[in-house]
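Visitor: Please show me the model. I want to know what stands behind each label.

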Amino acid sequence: MRRAWLVATVAIACLGCNDCDGLGEPIHPDCGNGVVDDLEVCDGTALGSESCASQGFEGGTLRCASTCGGFVVAQCDGVRDALDPCSLCLPSEECRGGSCVSTCDGEPFVEDTELEFDIEVVRVAGTVSFGDATVRPPSALRFVGDVYWEPAIVPIRDDGTYEVALPPGRYQVTWEPEVGFAGASEGLPDIDVGGLPDVDLAAEHDFALTPWADLELEVVTDFPDELGSMIVEPLDPRFGRIQFSLASTEPLRLRSGDYRIWWAHEDDSRRDVVEYLETVSFAELQARGTIEIPVVHTELAVTINGGAPYPGGTVRAELIRSEALPRPGWLSIGEDRERWDLDASGRASGWMLDRPRNVALVLNGPPVWGWIWAKRDVPAAAEIAIDVAMPRLAGEVLRNGERLPNSQLDGAARGRLEFSSDEGALSVELSERGRGDFAVRLPRGLWDVRVSGLIFAGVLPVVPWAAPSITVGGDIDEHVIDVPAVRLAGQLTVNGVRSDDEVDLQTRGELQLRTPGESAWFTVPIPARGPAGWDVIVAPGTYEAELARWWFATGSEPAPLGALPLGAWALGDLAVPVATRYDIDVRVHDVSVALEADPEPARPGVLWFIRRPDDRVSRQIASGDAPVTVSLYPGHYRVEWAPLDDDGHAVDPVVLESALRVDGPIERRYDVGQVELRGTILVNGAPAENAGDLDVQLTRAPSANSIHHAALDASGPATFTTQLVRGHYAVVLSASADHEVLPGHGVVLHQACHDARLD
């Protein structure tokens, strides 16, 4: 469905071109006759099938603009294209009747409170047996349970014993050797730690590691060993990976099973380069006693049309080995390429596995501004010579059969050509000399072409236009690209009223356009002075459109008419078959928010109004003495507030309302008063020690995903005092790895709310 919204009729000057090439004014001369003529969106009471509902509202009266170029939605009611308010509910809330309701069971902190937290911990101890291994490396057990901060890392003593205090619960356990031990970690059976009536009792859990064997492998390679290593990945998921330096004098320690092996080294830019070597069993490696890494110092020679790529500069070459083989999960796909800078003669050198392979050569640099691929089957050889045939393609870009008008703007690029094919991608700027001439070298083949221009030049479509494909087989000096172009103009009103000519805005905003199916938006800046409007060159077609990133200029002044909230207003699809005018009217409401913190004024802070993840409006509040007013589009918003610290930074944001419905002017008052929370921490009835190694984190429910840290008093029993905004809080204690009693992960001390989405 075609959608547009209106403003009062205003003549709009052409931007960046001398005479707009006769594209003309798109308003139909018969506007006002009550008949929707060609190019008109509506006319008088003739609205077609459009209504406030079709424009995304709940009801009301839709009117046609006097220009016949759009609709006025000032008298439409309700919210527009509203999100489901339930989508704004937080994990600690559930949706009931379109409202977010807290799942908190306990009482909120509404006045100064003093609490005592007694943590139940159970001493878990046992032994770790290493089978018949003759080496017991420095190692630890890693316990992961209902953790909040970090897992509990428990060192294993020289005699194989360990001991740790854990809260009751279920834990995943992993044995981890210290760095430097050439053996893999091992996943062990889970354990259950139950609460014990007698805390002096210890829960016994013994673990037996899978035996390993030391392999005295001889590594045969010509590669400098101080730079290289092997990555050994067990196929058994219980065991971790090992990166084993070729220069290591320690034995490689493996368990029975199958392994994938990669060879890794650094290239000249100090990036890890990884190539798959082989899949082999432990028994085969043990029988062989040798692992061969056949490498060769490769000389790469690259030519373009039989000559040096560029005598006066540097072209970067990337060699990509394409191997249809499995890769380690933690290695990215891009780490199988090496980057070499070619010298003036097109030569470079580096190390590669010495075997036949497929190589894709990527070139980037003058005159190859882009990514050009030259795919080759390369035999095992010490020299790779690749010649890239790149005939010259030259010509001129026209618009509607005419040469492009000269731009009078100094240094203004007039447009860009983007070439893409299976051989890569390349973009070139049109010449600033004269008209739209271009010259480029491309490998032979079929190339897709897109043309786009810069807005201030006003000569080519701002949204890329797909030109007919070009087959490059030889030099083409007179290739012509004729771009169809039409003018898209429009005017903006807010609640049916045009903005003041004298409004001085810091940022007026932008109209965003994109071709359906494309991911990238292309922007048309709205002038910062005068009535808000646009005048842009596009190719005939249909475009997705929205208004975005509007804001007001000065301090705490309210938004002047014609300046919209920071955010996006979707316009739907705009059909532009010929020169077209679309006038757009948007609906906004004033929302007044006051903060109270009886008996003191609210602290200075920042308010956020969030309609969706990419639509956020913020206003800073100097104090809580006076309300703040912000203009918002109709819809549902989550309201958050964060006080400012002494450095002026917003900290510890809290949610004031999860689903504020904005369908008219609104006044809201929120209580952000603070209370003092004092706590004492006990462990199994005794005061916790080493308070300097403890940290208390408090999370409000509903929260804005922020954690408040309370400082503990390091002298005497572990106590803390902190200031909080009134409400429900989860209190979690975490300890450092050096604490003698508590585990190094979070312990829930107080939880008044639960996660409704897990019920």
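Guide: A pocket is an open set of points on a 1 Å grid over the protein atoms alone, where a 1.4 Å probe fits and protein lies on both sides within 12 Å along at least five of seven lines; lining residues have an atom within 4 Å of a point. This is a predicted model, where local features need pLDDT of at least 70, side-chain atom pairs count only at pLDDT 80 or more, and totals for chains, interfaces and linings use all residues. Residues are numbered from 1 along each chain as its sequence is written, and side-chain values use heavy atoms, with hydrogens and water left out.

Visitor: Which residues lie nearest the centre of the second largest pocket?

Guide: Gly180, Phe181, Ala182, Ile242 and Gln243 do. The lining comprises 17 residues. By the definition, each of these has an atom within 4 Å of a pocket point. The volume is about 290 Å³, counted as the space filled by probe spheres set on points joined across faces, edges and corners.

Visitor: Which strand gives the most to the lining of that second largest pocket?

Guide: Strand E19, residues 242–245, with four residues. A strand here is a DSSP run of E, at least two residues, and a helix a run of H or I, at least four, both numbered from the N terminus.

Visitor: How do the lining residues of the second largest pocket divide?

Guide: Into seven nonpolar, seven polar and three charged. Asp, Glu, Lys and Arg count as charged; Ala, Val, Leu, Ile, Met, Phe, Trp, Tyr, Cys and Pro as nonpolar; the others as polar, Gly among them. Gly180 of the lining is therefore polar by this scheme.

Visitor: What is the secondary structure of the whole chain?

Guide: One helix and 62 strands. The chain has 759 residues, and buried ones make up 50% of them.

Visitor: Why is threonine 298 called buried?

Guide: The cut-off is under 20% relative accessible area (over 50% is exposed, in between is partly exposed; 1.4 Å probe, protein chains only). Threonine 298 has 1%, so the label is buried. Threonine 298 is found in strand E24 and touches Trp340, Ala348, Ser349, Gly350, Met352, Ala381, Ala382 and Ile384, leaving out residues up to four places away in sequence. A contact means heavy atoms within 4.5 Å.

Visitor: What makes E24 and E27 a pair?

Guide: Two strands pair if DSSP finds at least two bridges between them. Strand E24, residues 295–304, has seven bridges to E27, so the condition is met. The two run antiparallel. Threonine 298 stands opposite glycine 350 in E27.

Visitor: What is the order of strands in that sheet?

Guide: E27-E24-E30, an open sheet with mixed pairing. Strand E27 (347–353) and strand E30 (383–388) are the edges, each pairing on one side only. The twist averages 30 degrees from one strand to the next, taken between N-to-C directions of lines fitted to C-alpha atoms, on a scale from 0 to 180 degrees.

Visitor: Why are E51 and E54 called edge strands?

Guide: Their sheet is open, with the order E51-E48-E54 and mixed pairing. Strand E51 (628–632) and strand E54 (666–671) have a single partner strand each, so one side of each lacks a neighbour in the sheet. The twist there averages 25 degrees from strand to strand. Strand E48, residues 589–596, runs parallel to E54 over six bridges. Serine 592 has glutamate 667 as its bridge partner in E54.

Visitor: What makes E44 a partner of E41?

Guide: Five bridges join strand E41 (residues 510–514) to strand E44 (residues 541–548), in the antiparallel sense. Arginine 514 has glutamate 544 as its partner. E44 also pairs antiparallel with strand E45 (residues 568–576), over eight bridges. Glutamate 546 is matched there with alanine 570.

Visitor: Is valine 747 buried or exposed?

Guide: Buried, because its relative accessibility is 9%. Valine 747 belongs to strand E62, residues 747–751. Neighbours within four places aside, valine 747 is in contact with Ile119, Pro167, Val731, Val732 and Leu733.

Visitor: Why is glycine 187 called partly exposed?

Guide: Its relative accessible area is 29%, so it falls in the class between buried and exposed. Glycine 187 sits in strand E13, residues 186–193. Beyond four places in sequence, glycine 187 touches Val173, Thr174 and Arg238. Arginine 142 is 45 residues away along the chain, with 9.5 Å between the two C-alpha atoms.
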